[in-house]
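Here are some exercises to work through with the model open in your viewer. Try each task before you read its solution.

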Amino acid sequence: IIDVPAEHEVLGGLAETAPFVGGGTESALLSALSAFGLDLLRQDIESLTPAVRAQVTDSLESLISGTVSTLAVPSGGDWNRRSQRMHVIRYIATHYADPQLGPTTLAAHLGMSKRSLQRLFEGEKQSVSQLIQTKRVDQVLLRLRDPRYASTSLDELAVLTGFGSALALRRAVQAATGRTPSALRAEALSA
């Protein structure tokens, strides 16, 4: 069993929105995915560089959310919309580091108009732009608090997390937390 926080943006609400079928090939696929995840967790993860660890984490999140969402069984007229939203969220989770990622480029990649993409998220807690920004902020906060990134400059962190510049990173972190990246990093390193 994988424990997922209810507020997790990709997996958290999946249990309420998508019923699942037990047994058959679905169980075998979930078992294989679980075994792979456990085997990966048993590896000496400390020997990996921080950048590789972040990539592995992002890839696993995308793999798990993609697998779980494909095992869901359609349950009503809103299924197609939910499925499309999950596809968008997975794409954001794996491409947030691209500084060009935004509603326009995302819509073009998915083969839909920007307005159609925006309509998918009407009535949701966050717009597409907000989802991208939240993912980037979450990723930079993880790195700012990670001692292995202590010597990584804000410019390098901006590149790793899709902000494009240290200034954009600083503004986003300060807007989200009310604190500067330097203050967050210093606090994490002193703990």
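**Exercise 1. Describe how helix 4 and helix 5 meet: at what angle do their axes cross, and which residues make the contact?**

Solution. Keep in mind that this is a predicted model.
- Step 1: Select helix 4, residues 79-95, and helix 5, residues 103-110; their axes approach to within 11 Å, and the crossing angle is roughly 115°.
- Step 2: Look for the side chains in between. Helix 4 brings His-87, Val-88, Tyr-91 and Ile-92, while helix 5 brings Leu-106, His-109 and Leu-110.
- Step 3: Sort this contact by class, which gives five nonpolar residues, two polar ones and no charged ones.
- Step 4: Assign the hand of the crossing between helix 4 and helix 5, which is right-handed.

**Exercise 2. Find the largest nonpolar core: how many residues does it have, and which elements give two or more residues to it?**

Solution.
- Step 1: Count the members of the largest nonpolar core, and you should reach 15 residues.
- Step 2: Pick out those with the most contacts inside this core: Val-140, Leu-144, Leu-157, Phe-163, Leu-169 and Val-173.
- Step 3: Map the core onto the secondary structure. Helix 7 (128-144), helix 8 (154-161) and helix 9 each give two or more residues.
- Step 4: Now look elsewhere in the chain. Another core, of 14 residues, lies apart from the largest one, and its members include Leu-101, Leu-106, Leu-110 and Leu-117.

**Exercise 3. Is Ala-168 buried, partly exposed or exposed, and why?**

Solution.
- Step 1: Place the residue: Ala-168 sits in helix 9, which spans residues 166-177.
- Step 2: Read its relative accessible area, which is 29%.
- Step 3: Apply the cut-offs. Buried means under 20% and exposed means over 50%, so Ala-168, at 29%, is partly exposed.
- Step 4: Check its surroundings. Leaving aside residues up to four places away in sequence, Phe-163 touches Gln-133, Arg-136, Val-137, Val-140, Ala-158, Ala-168, Leu-169 and Ala-172.
- Step 5: Try one distance as well: Asp-155 is 13 residues from Ala-168 along the chain, and their C-alpha atoms are 9.8 Å apart.

**Exercise 4. Summarise the whole chain: how many helices and strands are there, and what percentage of residues count as buried?**

Solution.
- Step 1: Count the elements, which gives ten helices and zero strands.
- Step 2: Take burial next: 35% of the 191 residues count as buried.
- Step 3: Turn to contacts between residues at least 6 apart in sequence; 62% of them join residues at least 24 apart.
- Step 4: Finish with the surface. The chain exposes about 10900 Å², and carbon and sulfur atoms supply 56% of that area.

Technical notes:
Residues numbered from 1 in each chain as written. Predicted model: local features only at pLDDT ≥ 70, side-chain atom pairs only at ≥ 80, totals over all residues. Heavy atoms only, no water. Helix = DSSP H or I, 4+ residues; strand = E, 2+ residues; numbered from the N terminus. Buried < 20%, exposed > 50% of the residue type's maximum accessible area, 1.4 Å probe, protein only. Axes fitted to C-alpha atoms, helices over the stretch in contact; angles between N-to-C directions. Left-handed = near helix turned anticlockwise from the far one by under 90°. Contact = heavy atoms within 4.5 Å. Nonpolar A, V, L, I, M, F, W, Y, C, P; charged D, E, K, R; others polar. Core = buried A, V, L, I, M, F, W, Y, C linked by side-chain atoms within 4.5 Å. Areas by Shrake-Rupley, 256 points an atom, 1.4 Å probe, with all protein chains shown as cover.
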